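Colleague: I would like a close look at a single part of this model, with its surroundings described as you go. Please give me the cut-off behind each term when you first use it.

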Amino acid sequence: MYLMKDITRDGDPVLRARAKKVQFPLSEADKQLAHDLMEYLVVSQDEEENKKYHLRPGVGLAAPQVGVSECMAAVLVPGPDDSILLKEVLINPVVISNSVQDAALSEGEGCLSVDQDVEGYVVRHDRITVRYQNLAGETKKIRLKNYPAIVCQHEIDHLNGILFYDHINKKTPFKMDPEGILID
Ligand SMILES: OCN(O)CCCc1ccccc1
Ligand code: NI
């Protein structure tokens, strides 16, 4: 199981590299990686467990964040009560279409690989269509909006060497164009 010491931090070149496509059939190592990425999310979102293991809660985790420069990311987006909005391992994910409309989390974003807080709106697409392969190697297409869409964009960015604060306007960090949506 990953602990915080296993999470690669900003400054490590792996976080700025373009990750390699994952080949199918999956190697045993890739199957283990997929399991471990998702396991971190599940454990980190459990109040007792995350205290026990000193884990920062995460709704997503991309392979480069554990030092593996491959196109794989796990997402676990909780919904209201104990519902789950999105739980998936995205392999070779690509945003194939997006809304013109922008969106940003009103609270900004953070990243397990970035220890300091970086304030400001991380401007992203409000709606996206993502094509990816799942663990079984099936090609899937999902349409996402709001919070799940934000999370997937954050994770897919990691596979392209992009970090959330790259999207914050340095001069006007809290400027959002009028058609843009602020998500609470
Ligand atoms: O890469 C995932 N990770 O750094 C955990 C934080 C994920 C995340 C946080 C805020 C908004 C979108 C995604
Ligand atoms: Ni991140």
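Modeller: What follows starts at the metal site and then works outwards through the chain.

This is a predicted model, in which local features need pLDDT of at least 70 and side-chain atom pairs count only at pLDDT 80 or more, whereas totals for chains, interfaces and linings use all residues. Residues are numbered from 1 along each chain as its sequence is written, chains are lettered from A and ligands numbered from 1 in the order in which they are written, and side-chain values use heavy atoms, with hydrogens and water left out.

The nickel ion (ligand 2) has three residues as its protein donors, namely C111 through SG, H154 through NE2 and H158 through NE2, at 2.1 to 2.3 Å from the ion. Donors here are N, O and S atoms within 2.8 Å of the metal (3.2 Å for Na, K and Ca), and water is not among the atoms, so sites may look incomplete. Along the chain the donors of the nickel ion follow the spacing C-x42-H-x3-H. The pair C111 and H158 links distant parts of the chain, 47 residues apart, with C111 in the loop between strand 4 (102–105) and strand 5 (124–125) and H158 in helix 3 (residues 146–159). Helices (H or I, at least four residues) and strands (E, at least two) are DSSP runs, numbered from the N terminus. Both C111 and H158 are buried, where buried means under 20% relative accessible area, exposed over 50%, and partly exposed in between (1.4 Å probe, protein chains only).

A neighbour of this site is L163, found in the loop between helix 3 and strand 8 (181–183). With a relative accessible area of 0%, L163 is buried. Setting aside residues up to four places away in sequence, L163 touches the donor H158 as well as D10, R16 and V114, a contact being heavy atoms within 4.5 Å. By C-alpha atoms, L163 is separated by 25 Å from K140, a residue 23 positions away along the chain.

The loop that carries C111 runs up to strand 5, and H125 lies in that strand. H125 counts as partly exposed because its relative accessibility is 28%. Beyond residues up to four places away in sequence, H125 touches N98, S99, Q101, D102, A103, I150 and Q153. From H125 to P13 the C-alpha distance is 26 Å, and the two are 112 residues apart in sequence.

Further from the metal in this account, L76 is found in strand 2 and is buried, with a relative accessible area of 6%. Its contacts, leaving aside neighbours within four places in sequence, are M38, L41, V42, Q45, V59, I84, L86 and K87. L76 and L33, 43 residues apart in sequence, are 15 Å apart in space from C-alpha to C-alpha.

Some points of backbone geometry deserve a check by eye. F24 and P25 are joined by a cis peptide bond with omega of about -5 degrees, and P25 sits in the segment before helix 1 (28–44). D81, which is not a glycine, has a positive phi near 55 degrees; D81 lies in the loop between strand 2 (72–78) and strand 3 (84–98) and counts as exposed at 76% relative accessibility. N92 likewise is not a glycine and has a positive phi of about 50 degrees, but N92 lies in strand 3 and counts as buried at 10% relative accessibility.

As for the chain around these parts, its secondary structure comes to three helices and eight strands, in the order α-α-β-β-β-β-β-β-β-α-β along the sequence. For 184 residues a compact globule would have a radius of gyration near 16 Å, and the chain agrees with its 16 Å; the radius is taken over C-alpha atoms, and the globule rule is 2.2 Å times the number of residues to the power 0.38. Of the 184 residues, 48% count as buried. Among contacts with a separation of 6 or more, 71% are between residues 24 or more positions apart.
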